[in-house]
Amino acid sequence: MSTAAPSWLESGAPFVWRPYCQMQTARPPLAVARTYGSRLVLEDGRELVDGLASWWTACHGYNHPHIADAVRRQLGLAPHVMFGGLAHEPAYRLAQRLAALLPGDLDHVFFAESGSVSVEIAMKMALQFWINRGVTGRTRFLAFRGGYHGDTLATMTVCDPEEGMHALFAGVLPPQIMGSLPVDDAGLAALDAQLAAHAHEVAAILVEPLAQGAGGMLFHDAAVLRRLRALADRHDILLIFDEIFTGFGRTGSLFAMQAAGIEPDIVTLSKALTGGTLPLSAAVANRRVFEAFLSDDPGAALMHGPTYMANPLACAAANASLDLFETGAWRSDVARISAELAEGLAPCRGRPGVADVRVLGAIGVVEWETPVDVGGLCAAFADLGVWIRPMGKVVYLTPALTISSGDLERLTSAIRRLAGALD
Ligand SMILES: *Cc1c(COP(=O)(O)O)cnc(C)c1O
């Protein structure tokens with residue numbers, strides 16, 4: 001087993017600008033040779049259990065043969081065609097299936113290639129919904145502290161203004177209206193008053209339902225979502241759920257909205273949509289939103305169309321991923337993972353420096369009192385044979401829903417060791 005970096009890493013490194021990375025001081029990344037199941041196989045021969053499923057995408061594990069076969073088949077037919085004026089079976093079938101899986105009349109699927117872009121599209125839909133109906137001045141969004149909706153310019157404005165990754169740009173970007181989630185009656189009254197003051201200028205309320213992900217893995221209960229639906233209705237404001245993190249079983253229901261029994265007017269999906277195989281996202285609107293764009297006036301159309309919109313390979317992967325969800329096995333998988341996360345992380349509770357331990361569905365979180373050294377911890381975890389990359393104060397696990405109990409135990413025991421809570 002050699003620990004020398006592969007030659008491609010050393011020769012290419014000066015030319016690659018990495019994500020969220022201080023390029024002057026960051027440790028070199030781990031070089032991955034291949035993946036399978038819940039495992040990353042490194043170029044030096046080491047094999048790590050993946051605790052994150054590659055930013056929550058690889059929900060069925062890596063290299064799932066059913067998805068790989070579907071992509072290979074589509075590759076032989078048509079890897080890509082433009083979506084303007086042309087249609088293909090993978091996208092049309094996927095749109096129909098997503099509409100059938102989503103509750104209510106969330107039936108109108110607009111595809112894009114990344115989560116941030118789908119949020120941008122949802123925001124555009126909401127803005128133009130009002131313009132098309134002849135209502136002026138609805139130019140802002142109400143978003144929540146702790147939220148994360150992407151890294152593009154418009155989505156940065158709806159991320160948490162302080163905790164988020166984008167505080168740097170405060171003052172550059174137009175401020176949105178920041179609220180606190182209505183977790184109780186007092187919060188409900190406060191948000192109601194905030195909306196009453198701003199209703200004339202708010203196009204939509206935007207929230208990650210049940211779990212705010214990249215903003216700190218913060219959980220709230222379904223009653224919060226029912227309150228938001230009621231407030232949106234009372235003030236005649238659209239409601240957008242960003243289910244890019246929560247969609248496809250992560251919180252225990254296929255979509256987080258189903259735990260609340262209500263629907264937003266628009267929902268965004270990405271991350272696990274293709275089972276971690278190819279980039280794809282969607283903004284899905286209900287009938288009311290869609291119908292606001294129907295007109296004899298071409299100018300009322302939604303003016304958006306990414307070049308790689310509805311890429312056939314990505315849609316084929318997504319259809320294959322939905323086949324796997326349709327077996328229903330994910331339900332018991334999430335329940336098992338949830339119980340094992342709760343048991344495996346519980347000993348961290350009350351340890352010095354640990355502020356909180358929480359689990360929701362297949363999300364396990366140990367929150368420290370102060371921000372952790374991300375690079376140092378990643379390296380320490382890799383030495384223990386696991387891939388875990390903390391965010392801020394939060395060390396979390398979002399494994400593939402197919403991870404074995406043995407692999408999950410390796411992940412939780414690595415975190416217990418960090419917390420000084422190894423049995
Ligand atoms: C990851 C994420 C996004 C952004 O998706 P990208 O594909 O990284 O652009 C937006 N919203 C939520 C809730 C996310 O988790």
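This briefing covers the two domains of the chain, the contact between them, the ligand and the salt bridges. The model is a predicted one. The domain assignment splits the chain into domain 1, made of residues 7–63 + 328–421, and domain 2, made of residues 65–326. Between the C-alpha centres of domain 1 and domain 2 the distance is 26 Å.

**Contact between the domains**

- Domain 1 gives 26 residues to the contact, and domain 2 gives 29 residues.
- About 2300 Å² of area is buried between domain 1 and domain 2, and carbon and sulfur atoms supply 67% of that area.
- On the side of domain 1, the residues that lose the most area to domain 2 are W56, H60 and W330. Together, W56, H60 and W330 account for 30% of what the domain 1 side buries.
- The interface of domain 1 and domain 2 has 0 salt bridges by the rule used.
- Domain 1 and domain 2 are linked by 11 residue pairs in polar contact, counting pairs with both residues at pLDDT 80 or more.
- Two helices and three strands each give two or more residues to the side of domain 1 that touches domain 2: helix 2 (53–56), helix 12 (329–345), strand 13 (354–360), strand 14 (363–368) and strand 16 (394–397).
- The residues on that side of domain 1 comprise 17 nonpolar, 6 polar and 3 charged.

**Ligand surroundings**

- The residues around the ligand are W56, S114, G115, S116, Y148, H149, G150, E208, D242, I244, F245 and K271.
- G115 has a backbone N or O atom 2.8 Å from an oxygen atom of the ligand.
- S116 has an N or O atom in its side chain 2.5 Å from an oxygen atom of the ligand.
- D242 places a polar side-chain atom 2.7 Å from a nitrogen atom of the ligand.
- W56 appears in two places: among the residues surrounding the ligand, and among those in domain 1 that lose the most area to domain 2.

**Salt bridges**

- Side chains of opposite charge can pair when their charged atoms come close.
- The whole structure contains 17 salt bridges.
- One salt bridge is between D323 and R97, whose closest N and O atoms are 2.7 Å apart.
- Because D323 belongs to helix 11 (residues 312–326) and R97 to helix 4 (residues 89–101), this pair ties together parts that are 226 residues apart in sequence.

Key. Residues numbered from 1 in each chain as written. Predicted model: local features only at pLDDT ≥ 70, side-chain atom pairs only at ≥ 80, totals over all residues. Heavy atoms only, no water. Domains from an automatic or database assignment. Contact = heavy atoms within 4.5 Å. Buried area = accessible area lost by both parts, 1.4 Å probe. Salt bridge = Lys/Arg side-chain N within 4 Å of Asp/Glu carboxyl O. Polar contact = N/O pair within 3.5 Å; in protein donor to acceptor, adjacent residues only side chain to side chain. Helix = DSSP H or I, 4+ residues; strand = E, 2+ residues; numbered from the N terminus. Nonpolar A, V, L, I, M, F, W, Y, C, P; charged D, E, K, R; others polar. Near = heavy atom within 4 Å.
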